[in-house]
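User: I should like a close look at one helix of this model and at the way helices are set against one another around it. Please give a connected account in formal terms.

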Amino acid sequence: MTALERVAILDFGAQYTQLIARAVRECGVYCEILPGDARASKVAEYGAVILSGGPASVYDAGAPRVDPELFGAGLPLFGICYGHQLLAMTLGGRVERSAHKEYGQAEMRVLSSNGLFDGLPEQMAVWMSHGDRVVDVPTGFAVLASTPGTPVAAMADATRRIFGVQFHPEVAHTPLGRQVLENFLRRIAGLHGTWSMARYREQVEPAIAEQVGQGRAVVALSGGVDSAVATALVHGVIGDRLTAIYVDNGLQRQGEVAEVSQAFRSAFPGLHLVVVDAAQRFLHRLVRVTEPESKRRVIGAEFIDVFEEEASRLGPIDFLVQGTIYPDVVESGVGKAATIKSHHNVGGLPERMRLQLVEPLRPLFKDEVRRLGEDLGLPASLVWRQPFPGPGLAIRVLGEVTPERLELLRAADAIVREELGPHGLGREIWQAFAVLGGSRSVGVMGDARTYGELVAVRAVSSRDGMTADWSRLPHELLARISQRLCNEVPGVNRVVYDITSKPPATIEWE
Ligand code: XMP
């Protein structure tokens, strides 16, 4: 892929920036997110530029700006929302502050296509979410579209290839938005759309070979899709110089350790896979630990100890393969607010063990990782696995984690997953699981009083785990789950369904 086949997305703090990036990738064009004020010389390494939305008002003191030299670089530019207003203001147009926000779908009338609306109808539904609006376009610009509330819904200086839209083409609420983006990328910017996972493999495999040379590497398999795909990819390049270590921390779901190791062994018979039974060690460390962050810390620290011990048995190792993906990289680049949960990962390992990192999935989004996994021959059971937290069931057993309570939760969780399976809800639901609520309540079974455990069922839909909505499961399905949980899991006498979204709740209970 030449440099010019890449798009830079300048980020002005919009909640939708990653959606823009994903939409661009889905158009077959590789893109990267850069800070809004990135230097023009850096941006000139790309073939086109998208200016994202953002919460600021262009006239605010300290509102983010672009490097003015960007306009001299001759690159095709496409401003979205704040990016559109920024283009208008910087190039001599006028933006008006408005007290009330236009939020929701609007009917847009296309006045002139100029390439951007080629092949699209004259009237289309678009998603608006803005306060300010452009009222005068800069010299050389034409108004391409308007809505009743937004006179300049789209504008262009086609000669200089500078375009701006007030609406959000990247969200699903703009049904034809993908075509608008595609028109900008292909017709206006002249990009070819050659980005695919097959292409990515062609580039990344030689890069892995070059980085690792004749060295040896380890990878921590978690059962999740990212580490699975990273393992498959690196194994394909360096063969038995890669060792995969799968730590059974005793906190996995029913049958999971056997399933995952079996799936790997049959898909990659030559893979050097070490499964470490460390369940007792983890459970021992968790005795009397009840506070959620303490659980996470204890499990994270124990994991590093076990992994390090195991790796040291292998002799000299030079590299640690990690399944870091693009959202991890972008998120950590932005100053984040309070830590809600300390995610357990292998972060502390590279320094302690003096290992160099191999991160072959770093530029990819989750859906791209899954496609790459399929391309590498990983079984669907691994590629489409629901996300599962590093601390495992420990953060779904509220209160103390004992072997008995883990067993109860495992049985309950297996029923929830089993019942959801036949509904074909597998890929629509981001995660579905059971939580052992940690409180007891009175019930009646047969003619006797019970004082039993509460199990909560959680099912959410989400694109990336950052926000989530609780799934509207059919009542009959919930009824069957509830009945089975009380009948088949000894000790359970009450089942509740979690109807909170994220925010205000989080997906996991701890
Ligand atoms: P929350 O509960 O924060 O979860 O809404 C968001 C997503 O992250 C997963 N999760 C984790 N994943 N290590 C992980 O690898 C962790 O410590 C961890 N904690 C939560 C969670 O399952 C959901 O998909």
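Analyst: The account below begins with a single helix, continues with helix crossings, and ends with individual residues. The model is a predicted one.

Helix α7 comprises residues 256–267, which is 12 residues. From its first C-alpha to its last it reaches 16 Å, close to the 16 Å expected at 1.5 Å a residue. Which residues of α7 are buried? They are Glu-256, Val-257, Val-260, Ser-261, Ala-263 and Phe-264. These residues lie on the same side of α7, because they cover an arc of only 155° around the axis. An α-helix has 3.6 residues a turn, so residues three or four places apart point the same way. On the other side of α7, Ala-258 and Ser-266 are exposed.

The surroundings of the buried residues can be named as well. They pack against three strands, β12 (217–221), β13 (242–248) and β14 (272–277), and against two helices, α6 (225–238) and α13 (380–383).

One of these partners, α6, also takes part in a helix crossing. The axes of α6 and α12 come within 10 Å and cross at roughly 45°. At that angle, α6 and α12 are therefore oblique to each other. The crossing of α6 past α12 is left-handed. On the α6 side, Val-225, Asp-226, Val-229 and Leu-233 are involved, and they meet Lys-366, Val-369, Arg-370, Leu-372 and Gly-373 in α12.

Helix α12 (residues 366–375) has a further neighbour in helix α5 (residues 197–212), and the two axes come within 9 Å and cross at roughly 75°. That angle makes α5 roughly perpendicular to α12. Met-197, Ala-198, Tyr-200 and Arg-201 of α5 make this contact with Glu-368, Arg-371, Leu-372 and Asp-375 of α12. Leu-372 of α12 thus appears both in the contact with α5 and in the contact with α6.

Another crossing joins helix α1 (residues 17–26) and helix α4 (residues 177–188), whose axes come within 10 Å and cross at roughly 70°. Here α1 and α4 are therefore roughly perpendicular to each other, and their crossing is right-handed. The contact is formed by Ala-23, Val-24 and Glu-26 of α1 together with Arg-178, Leu-181 and Leu-185 of α4.

Helix α4 also holds Asn-183. This residue counts as buried, because its relative accessibility is 7% and the cut-off for buried is under 20%. Apart from neighbours within four places in sequence, Asn-183 is in contact with Gly-115, Leu-116, Phe-117, Asp-118, Leu-120 and Ile-188.

Two residues outside these helices complete the account. Ile-304 belongs to helix α9 (residues 292–312) and is buried, with a relative accessible area of 11%. Its C-alpha atom is separated by 47 Å from that of Arg-186, and the two residues are 118 residues apart along the chain.

Glu-107, in strand β6 (residues 102–110), is partly exposed, with a relative accessible area of 43%. When residues up to four places away in sequence are not counted, Glu-107 touches Gln-123, Met-124, Ala-125, Ser-146, Thr-147 and Pro-148. Of these, Ser-146 is 39 residues from Glu-107 in sequence and 8.6 Å from it in space, C-alpha to C-alpha.

Note on methods: Residues are numbered from 1 along each chain as its sequence is written. This is a predicted model: local features need pLDDT of at least 70, side-chain atom pairs count only at pLDDT 80 or more; totals for chains, interfaces and linings use all residues. Side-chain values use heavy atoms; hydrogens and water are left out. Helices (H or I, at least four residues) and strands (E, at least two) are DSSP runs, numbered from the N terminus. The expected span of a helix is 1.5 Å times one less than its number of residues. Buried means under 20% relative accessible area, exposed over 50%, partly exposed in between (1.4 Å probe, protein chains only). The arc is that of the directions from the helix axis to the C-beta atoms. Contact means heavy atoms within 4.5 Å. Axes are lines fitted to C-alpha atoms, for helices over the stretch in contact, and angles run from 0 to 180 degrees between N-to-C directions. Angles under 35 degrees count as roughly parallel, over 145 as roughly antiparallel, 65 to 115 as roughly perpendicular and the rest as oblique. A crossing is left-handed if the near helix is turned anticlockwise from the far one by less than a right angle, and right-handed if clockwise.
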